[in-house]
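Subject: A structure for you to look at

Hello,

Here is the structure I promised to pass on to you. Have a look around it first, and then read on for what turned up.

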Amino acid sequence: MQLTIRQLNKTYPNGVRALQDVSLDIPTGMYGLLGPNGAGKSTLMRTLATLQDADSGSAMLGDIDVLKDKDALRRVLGYLPQEFGVYARISAYEMLDHLAVLKGIPGAQRKAVVSALLQRVNLWEHRKKAVSSYSGGMRQRFGIAQALLGDPQLIIVDEPTAGLDPGERNRFYNLLSEIGENVIVILSTHIVEDVKELCSNMAIINNGQVLFAGTPDDALRALDGKVWEKAILKAEVGDYQQRYRVISSKLVAGKPIIHILSDTDPGDGFRHTEAGLEDVFFAKIGAEEVR
Ligand code: ADP
């Protein structure tokens, strides 16, 4: 099973080109769609989830035409939207059971399916509590449980770790990584760590365009030997930005450490450093902003 996206375009009525000739080949396993806010991730996710239409292009999941045969796609889709707003006062068990009815899961199987899912996402002991009383991390795990109803082939999770604390984020990573290898899981995120931890394939998008698609290793290899770092003073940041291709700057113990891109040794006190996925991300995004 593969998801094949070709030349997808979407322009909103206000003139924003949210998708520009997006083409991607998404195999089974965990796929990271990385981009800053406003990149077009949700637009792509919502289009693939049949919630909105593209202006042109195609998307095929195996032999299902995603854009045309919406009912067929919905039967094999699990979706965790960015805003999972159903924080009902009824218990998690009742809520999931209700969603199972809507998914068309027959009555005879429902109890077993709902119980197994609640156990799988580690909410069994909290099944009698209202979803509205859950923490952010518990809600996201409940969101995954509902997305897994009906054994979907394509699972889309849109910005699932935004707002989770580090502990909750780790639990959520563990849960996602346990979802089978034979399904396609697309994870959209602006958090580089999400992709680093979880994804065997990835794309970087910005301004509705695909800037990179491949494995994280491919992305890192492209920067091999080209990333240099130096600790500088806060007041010097602007100066360095003028003189070098600064791809990132982070504070370590209150002092900025900058990473620059250079094919050759820049000297000037810079040390060679191994490229990280953050460097890939900011190098791609930065290049886009300069252009
Ligand atoms: P992301 O999920 O990566 O943050 P979105 O797909 O939400 O990106 O948005 C991509 C661009 O399209 C942004 O510039 C956003 O402001 C714009 N956009 C999103 N939805 C709409 C809409 N319904 N009408 C107009 N513009 C929109």
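How many positive and negative side chains does the chain have, and how far apart do the centres of the two sets lie? There are 33 positive and 36 negative side chains, with the two centres 5 Å apart. Please keep in mind that this is a predicted model.

Now for the overall build. The chain has ten helices and 14 strands. Its C-alpha trace spans about 70 × 45 × 35 Å along the principal axes. For 291 residues, a compact globule would have a radius of gyration near 19 Å, and the 21 Å of the chain agrees with that. Buried residues make up 49% of the 291. About 14,200 Å² of the chain is exposed, and carbon and sulfur atoms supply 47% of that area.

The contacts are worth a thought too. Taking those in the chain with a separation of 6 or more, 68% come from residues 24 or more positions apart.

The domain assignment gives domain 1 as residues 83–147 and domain 2 as residues 225–274. Between the C-alpha centres of domain 1 and domain 2 there are 48 Å.

Next, two residues with a backbone angle to look up. Most residues other than glycine have a negative phi. N122 is not a glycine, yet its phi is positive, at about 65°. E159 is not a glycine either, and its phi is positive at about 50°.

Where do you find N122? Look in the loop between α4 (107–120) and α5 (136–148). Is N122 buried or exposed? N122 is exposed, because its relative accessible area is 53% and the exposed class begins over 50%.

E159 also sits in a loop, this one between β7 (154–158) and α6 (166–178). Its relative accessibility is 6%, so E159 counts as buried, the cut-off being under 20%.

Which residues is E159 in contact with, leaving aside its neighbours within four places in sequence? They are N37, K41, Q82, Q140, S188, T189 and H190. Try showing E159 together with T43 as well: the two are 116 residues apart in sequence, while their C-alpha atoms are 12 Å apart in space.

So, if you want a place to begin, put N122 and E159 side by side: N122 is exposed, whereas E159 is buried.

Enjoy exploring, and send me any questions!

Best wishes

Methods: Residues numbered from 1 in each chain as written. Predicted model: local features only at pLDDT ≥ 70, side-chain atom pairs only at ≥ 80, totals over all residues. Heavy atoms only, no water. Helix = DSSP H or I, 4+ residues; strand = E, 2+ residues; numbered from the N terminus. Rg over C-alpha atoms; globule rule 2.2 N^0.38 Å. Buried < 20%, exposed > 50% of the residue type's maximum accessible area, 1.4 Å probe, protein only. Contact = heavy atoms within 4.5 Å. Areas by Shrake-Rupley, 256 points an atom, 1.4 Å probe, with all protein chains shown as cover. Lys, Arg positive; Asp, Glu negative; His and termini not counted. Charge placed at Lys NZ, Arg CZ, Asp CG, Glu CD. Domains from an automatic or database assignment.
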